[in-house]
Amino acid sequence: MNRLFEVIVDFLEENGNAEKEYRDVYLYAVQTVAVYLFNICSGLAIGALMGETVYCILFLAAFILLRQEAGGYHAPGWKSCYVLSCGVLVLTLLWMKGSFLYQTYITVALAVAAAAVILFLAPLEDKNRPLDKQEKKAIRRKAQLVTVVEMLTATGLLFWDKKAAFAVFNAVAWCGAGCMAWVVKRHFRKKGIHL
């Protein structure tokens with residue numbers, strides 16, 4: 001796979017679209033785009049296979065929008081990240097497909113708890129995303145705004161399309177879970193244990 005990325009960067013350099021001195025940056029960018037495209041295509045395939053394409057897209061849009069601002073747990077490598085992401089998506093779609101007593105109350109309660117976590121903790125730093133004070137303040141406002149808008153949107157959707165509401169509520173819930181996982185990971189890292 002790395003060889004393919006190198007061929008793409010070679011092509012960009014040969015055609016004057018990339019400078020040789022920034023080769024590592026271009027390689028990283030090509031890899032990042034490829035991983036994002038692969039993840040999104042996989043997500044859409046999972047949604048289609050489960051017969052929930054529209055709700056899958058709604059979940060992914062809400063989750064990506066919030067996660068990008070709030071931050072959260074980062075898996076140690078792209079493979080474990082991919083498996084976790086697919087697992088989260090499958091669990092979310094199964095939850096939306098199911099129908100059981102108190103499902104709505106449980107979904108809303110989980111989202112409210114997660115929203116509180118996000119409002120309190122966001123934004124979360126990572127070694128790949130260090131933030132200064134000013135950036136934290138600006139991103140915190142965005143994360144809080146996105147959280148509130150998504151919670152209000154999901155609440156409104158409850159009266160129109162319950163599955164759509166569950167998609168958005170689950171996006172908030174999983175983002176909050178990612179924030180809590182970040183806290184746990186940081187706690188263990190301080191003790192010298194790497195997760």
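## A tour that starts at a salt-bridge network

Select Glu52, Lys97 and Lys163: these three residues are joined in a network of salt bridges. You are looking at a predicted model, so treat this as a walk through a prediction.

**Stop 1: the charged trio.** How many salt bridges does the structure hold? There are two. Zoom in on Lys97 and Glu52, whose closest N and O atoms are 3.7 Å apart. Lys97 sits in helix H4 while Glu52 belongs to the loop between H2 and H3, so this pair ties together parts that are 45 residues apart in sequence. Now turn to Lys163, which meets Glu52 in a salt bridge of 2.8 Å, N to O. Because Lys163 lies in helix H7 and Glu52 in that loop between H2 and H3, the pair ties together parts 111 residues apart in sequence.

Is Glu52 buried or exposed? Glu52 counts as buried, because its relative accessibility is 5% and the cut-off for buried is under 20%. Lys97, at 43%, counts as partly exposed, and Lys163, at 27%, is also partly exposed. As a general idea to take along, side chains of opposite charge can pair when their charged atoms come close.

**Stop 2: helix H3.** Next, select residues 53–70, which make up helix H3. At 1.5 Å a residue, its 18 residues should span 26 Å, and the end C-alpha atoms are 25 Å apart, so the two values agree. Show the side chains and look for the buried ones, including Tyr55, Phe59, Phe63 and Leu66. What do the buried residues of H3 pack against? Their partners are helices H2, H4, H5, H6 and H7. Just after H3 comes Gly71, with a positive phi near 80°.

**Stop 3: Thr147.** Select Thr147, in helix H6 (residues 133–157). Thr147 is buried, with a relative accessible area of 1%. Leaving aside residues up to four places away in sequence, Thr147 touches Leu66, Ala115, Ile118 and Leu119. You have met Leu66 already, among the buried residues of H3.

**Stop 4: the whole protein.** Zoom out and colour by secondary structure: there are seven helices and zero strands. The C-alpha trace spans about 60 × 40 × 30 Å along its principal axes. Of the 195 residues, 35% count as buried. Among contacts with a separation of 6 or more, 68% come from residues 24 or more positions apart. Finally, show the surface: about 12,200 Å² is accessible, and 67% of that belongs to carbon and sulfur atoms.

Key. Residues numbered from 1 in each chain as written. Predicted model: local features only at pLDDT ≥ 70, side-chain atom pairs only at ≥ 80, totals over all residues. Heavy atoms only, no water. Helix = DSSP H or I, 4+ residues; strand = E, 2+ residues; numbered from the N terminus. Buried < 20%, exposed > 50% of the residue type's maximum accessible area, 1.4 Å probe, protein only. Contact = heavy atoms within 4.5 Å. Areas by Shrake-Rupley, 256 points an atom, 1.4 Å probe, with all protein chains shown as cover. Expected span 1.5 Å × (residues − 1). Salt bridge = Lys/Arg side-chain N within 4 Å of Asp/Glu carboxyl O.
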